[in-house]
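Me: I have a model open and want the reasoning behind its labels. Can we go through them one at a time?

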Amino acid sequence: MTTISESRFDALLAADERIEPRDEMPEAYRATLIRQIAQHAHSEIIGMQPEGNWLTRAPSLRRKAILLAKVQDEAGHGLYLYAAAETLGVSRTELLDALHTGRQRYSSIFNYPTLTWADVGAIGWLVDGAAIVNQIPLTRCSFGPYARAMVRICQEESFHQRQGYESLHTLARGTEGQRAMAQDAVDRWWWPSLMMFGPPDATSTHSSRSTEWKIKRHSNDELRQRFVDLCVPQAEILGLTLPDADLRWNEQTGHYDYGEIDWAEFKAVLDGDGPCNRQRIERRTQAHRDGQWVRDAAAAYQAKHGQTPAA
Ligand code: ACO
C-alpha cells in the first residue's frame, strides 16, 4: 500500500525535483544512496594512493606542485561525499569502518599499480576522464546533497583530466623512451578505465531501480560508449594508440565499436584479488590508526570547549 510520504516522494521524482535529507524517502532509496555515495567517497580517498606514490618522484617542481594540488583535491572530494552520505543518517565512523573491513567497495580502478611517471598522465586523461563522463549526469541526480556536491567535483575533475592529457602530450612528443613510456601507460590503463563504468547493463544489479529513482540518468554501457567515442580522437591527437584491435568506427551506429572487456578480471578485482587490493586497504587502515591521536585531540578539545571552534 502506498503511504502518504511515499506518494510525496513519487511526486517529487515525477516533477524532477530534488529529494532533500529531511524529506521522507523509501528505506531502499536511502540504502542505495548510502551504498553509492560511500563507494564514491571511498574511491576518492583510496584514489590518493596510486598518484601519491609519485609525489616524491615528480620530474620537476612544477609537475610536483600540480600533482600535490590534484591529490589534495581528491581528499576534498572524499570529504564532500562523506558529508553528503552523513545527511542520510550514517556516521563517518561507520562509513570508514565499512571501508576498512571490506563491507563497502571502492572503485576497481584504484587496485592497479602506478609503475612509471607516465601513469600519472594516463590516470588524469583516462581515469579522471571516465570519472567526468560518469559523474556529470550525477549533477542531476534526484538526491540534492549528492547532486550539488557533484557540481564542484566535476569542475575539479575537468582540470585533472586536462593536466593528465597535457602531461601525456608532452611525453608523447619527448624522447623515444618517453613516448614508449606514455604508450605503455595507456596500454595498461585503457581496459581498467572501461571497467570503471560497472558491469554490462544486462548484469547490473542496481541499474533499473536507480534509474527509476533518477539516481542514474544513463546506463553503464551508454556512458562507457560515450567515453570510448570521446577518447578515440583524443588518442589520435596524442599520437598514441588504444590497445584494442577491434576498435573501429561504425557508420550504422554512429559510434566506435570496441572489443570484449575481460569481465573475469573485473570480478577478480571486485573480489579483492586485483594487483593492489591488499596493499591499498593496509595503507588506508594504517593511516587511520596513525591518525588516532588527531581524533583523540579533537575529541578532548571538544570536551573542554564544547562545540564552538576556536576563533
Ligand atoms: N568498481 C567497484 N565496484 C563496482 C564498479 C567498479 N568500477 N562498478 C560496479 N561495481 C559494483 C557495484 O557497487 C555493485 O556492487 P554491490 O551490489 O556489491 O554494491 C555491483 O558492482 C553491480 O554494479 P551495478 O549494479 O551496475 O552498480 P551501480 O548501479 O551502483 O553502478 C557505478 C556502478 C556506475 C560505478 C555507480 O555506482 C556510480 O555511478 N557511482 C558513482 C561514481 C563513482 O563511484 N566513481 C568512483 C570512481 S571515480 C574517481 O574517484 C576519480
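Reply: Start with Lys 214. Its relative accessible area is 22%. Buried would need under 20%, and exposed over 50%. Therefore Lys 214 is called partly exposed. Keep in mind that this is a predicted model.

Me: Where does Lys 214 sit, and what is its phi?

Reply: Lys 214 lies in the loop between α9 (207-212) and α10 (220-238). Its phi is positive, about 60°, although Lys 214 is not a glycine.

Me: Why is Asp 16 called partly exposed?

Reply: Its relative accessible area is 39%. The band for that label runs between 20% and 50%, so Asp 16 belongs in it. Asp 16 is in the loop between α1 (4-14) and α2. It is not a glycine, yet its phi is positive, about 60°.

Me: What makes His 100 buried?

Reply: A relative accessibility of 16%. The cut-off for buried is under 20%, so His 100 qualifies. This residue is found in helix α5.

Me: What does His 100 touch, leaving out residues up to four places away in sequence?

Reply: Ile 281, Arg 284, Thr 285 and His 288. With Arg 284 there is a polar contact, side chain to side chain, at 2.9 Å. The limit for such a contact is 3.5 Å between N or O atoms, and 2.9 Å is within it.

Me: Which other residues of α5 are buried, and what covers them?

Reply: Helix α5 spans residues 92-100. Besides His 100, its buried residues are Leu 95, Leu 96, Ala 98 and Leu 99. The cover includes α2 (27-46), α4 (61-86) and α12 (277-290). After α5 comes Gly 102, with a positive phi near 75°.

Me: Why is Gln 286 not called buried?

Reply: Gln 286 has 35% relative accessibility. Buried means under 20%, so Gln 286 counts as partly exposed instead. Its helix is α12. The C-alpha atoms of Gln 286 and Arg 209 are 37 Å apart, with the two positions 77 residues apart along the chain.

Me: How many aromatic pairs are there, and what makes Trp 54 and Trp 117 one of them?

Reply: The structure holds 9 aromatic pairs. For Trp 54 and Trp 117, the ring centres are 6.4 Å apart. The limit for a pair is 6.5 Å. The planes meet at 70°. Over 60 degrees counts as edge-to-face, and that is the label this pair carries.

Me: Which parts of the chain does that pair link?

Reply: Trp 54 is in the loop between α3 (48-52) and α4, and Trp 117 in the loop between α5 and α6. They are 63 residues apart, and the pair links distant parts of the chain.

Me: Are those two tryptophans buried or exposed?

Reply: Buried. Trp 54 has 9% relative accessibility. Trp 117 has a relative accessible area of 10%. The cut-off is under 20%.

Me: Why is the pair of Trp 125 and Tyr 165 called edge-to-face?

Reply: The ring centres are 5.9 Å apart, and the planes are at 65°. A pair needs centres within 6.5 Å, and edge-to-face needs over 60 degrees. Both tests are met, so the pair is edge-to-face. Trp 125 lies in helix α6 and Tyr 165 in helix α7, so the pair ties together parts 40 residues apart in sequence.

Me: How do you know that Trp 125 and Tyr 165 are buried?

Reply: Trp 125 is at 1% relative accessibility, and Tyr 165 is at 17%. With the cut-off at under 20%, Trp 125 counts as buried and so does Tyr 165. Elsewhere, Phe 9, Tyr 29 and Trp 213 form one aromatic cluster.

Me: Now the ligand. What makes Ser 204 a polar contact of the ligand?

Reply: An N or O atom in the side chain of Ser 204 is 2.7 Å from a ligand oxygen atom. The cut-off is 3.5 Å. Thr 205 uses a backbone N or O atom, 2.9 Å from an oxygen atom of the ligand. Taken alone the ligand exposes 960 Å², and the protein buries 90% of that.

Me: Which residues come nearest, and which helix gives the most to the shell?

Reply: Of 30 residues around the ligand, the nearest are Gln 39, Ser 108, Ser 204, His 206 and Lys 216. Helix α2 gives the most, with 6 residues. The shell divides into 11 nonpolar, 13 polar and 6 charged residues.

Note on methods:
Residues are numbered from 1 along each chain as its sequence is written. This is a predicted model: local features need pLDDT of at least 70, side-chain atom pairs count only at pLDDT 80 or more; totals for chains, interfaces and linings use all residues. Side-chain values use heavy atoms; hydrogens and water are left out. Buried means under 20% relative accessible area, exposed over 50%, partly exposed in between (1.4 Å probe, protein chains only). Helices (H or I, at least four residues) and strands (E, at least two) are DSSP runs, numbered from the N terminus. Contact means heavy atoms within 4.5 Å. A residue is near a molecule or strand if one of its heavy atoms lies within 4 Å of it. A polar contact is a pair of N or O atoms within 3.5 Å; within protein, one must be able to donate a hydrogen and the other to accept it, and residues adjacent in sequence count only if both atoms are side-chain atoms. Accessible areas come from the Shrake-Rupley method with a 1.4 Å probe; for residues, only the protein chains shown count as cover. Ala, Val, Leu, Ile, Met, Phe, Trp, Tyr, Cys and Pro count as nonpolar, Asp, Glu, Lys and Arg as charged, and the others, Gly among them, as polar. Rings of Phe, Tyr and Trp (its six-membered ring) pair if their centres lie within 6.5 Å; planes under 30 degrees apart count as stacked, over 60 as edge-to-face and the rest as tilted.
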